[in-house]
Amino acid sequence: IMVASYQIVSEQSPVYYAYFLGLISASIAVLNLLPIPPFDGGLIVLMLVEKGRGSALSEKTQSVLATTGWVLVLFLLLYVTFFADLMRLMGVQQ
């Protein structure tokens with residue numbers, strides 16, 4: 001993101017940089033709506049399930065879902081960091 005920002009600022013008008021920042025913001029908004037419990041999309045899904053059931057989920061179930069969601073997010077973070085960043089820095093082609 002920093003390299004792209006630098007290139008846009010140095011080579012384009014400020015309007016393109018504003019578009020780039022808007023693209024990043026929109027990408028974060030879409031990511032936030034994923035139906036994984038740590039994100040807002042997960043909360044929306046849980047609320048829809050509770051609405052359909054007519055009662056709240058047990059605290060144990062909510063805890064298991066939240067823990068599972070955080071483990072998934074942590075796994076994705078480590079996977080992307082390893083394969084996208086570290087492999088590129090080591091010069092390994094995929």
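From the N terminus on, the elements of the protein chain run α-α-α-α in this predicted model,, and the count is accordingly 4 helices and 0 strands. The radius of gyration of the protein chain is 19 Å, well over the 12 Å that the globule rule gives for 94 residues, so the chain is more spread out than a compact globule. Taken along the principal axes, the box filled by the C-alpha atoms comes to roughly 55 × 35 × 15 Å.

Burial and contacts were then considered for the chain as a whole. Of the 94 residues in the protein chain, 12% are buried, and the surface that the chain exposes amounts to about 7,700 Å², with carbon and sulfur atoms supplying 71% of it. When contacts between residues at least 6 apart in sequence are taken together, 24% of them join residues that are at least 24 apart. As for charge, the protein chain carries 4 positive and 5 negative charges, and the mean positions of these two groups are 13 Å apart.

Aromatic residues provide a further feature of the model, in which 4 aromatic pairs are found. In one of these pairs, the ring centres of Phe82 and Phe83 are 4.9 Å apart and the ring planes stand at 85°, so the pair is edge-to-face, given that planes over 60 degrees apart are classed in this way. Phe82 counts as partly exposed, since its relative accessibility is 37%, and Phe83, with a relative accessible area of 33%, is likewise partly exposed. Both residues belong to one aromatic cluster, which is formed by Phe75, Tyr79, Phe82 and Phe83.

Two individual residues were examined in their surroundings, beginning with Ser5, which has its place in helix H1, a helix that spans residues 2-11. The relative accessible area of Ser5 is 13%, and because this value is under the 20% that marks the limit for burial, Ser5 is buried. Once residues up to four places away in sequence are set aside, Ser5 touches Tyr17 and Phe20.

The second residue, Glu50, is found in helix H3, which comprises residues 40-53. With a relative accessible area of 24%, Glu50 is partly exposed, because the value lies between the 20% limit for buried residues and the 50% limit for exposed ones. Leaving aside neighbours within four places in sequence, Glu50 is in contact with Ser55, Ala56, Leu57 and Gln62. With respect to Asn32, Glu50 is 18 residues apart in sequence, and the C-alpha atoms of the two residues are 20 Å apart in space.

Note on methods. Residues are numbered from 1 along each chain as its sequence is written. This is a predicted model: local features need pLDDT of at least 70, side-chain atom pairs count only at pLDDT 80 or more; totals for chains, interfaces and linings use all residues. Side-chain values use heavy atoms; hydrogens and water are left out. The radius of gyration is taken over C-alpha atoms; the globule rule is 2.2 Å times the number of residues to the power 0.38. Buried means under 20% relative accessible area, exposed over 50%, partly exposed in between (1.4 Å probe, protein chains only). Contact means heavy atoms within 4.5 Å. Accessible areas come from the Shrake-Rupley method with a 1.4 Å probe; for residues, only the protein chains shown count as cover. Lys and Arg count as positive and Asp and Glu as negative; His and the chain ends are not counted. The place of a charge is taken as NZ of Lys, CZ of Arg, CG of Asp or CD of Glu. Rings of Phe, Tyr and Trp (its six-membered ring) pair if their centres lie within 6.5 Å; planes under 30 degrees apart count as stacked, over 60 as edge-to-face and the rest as tilted.
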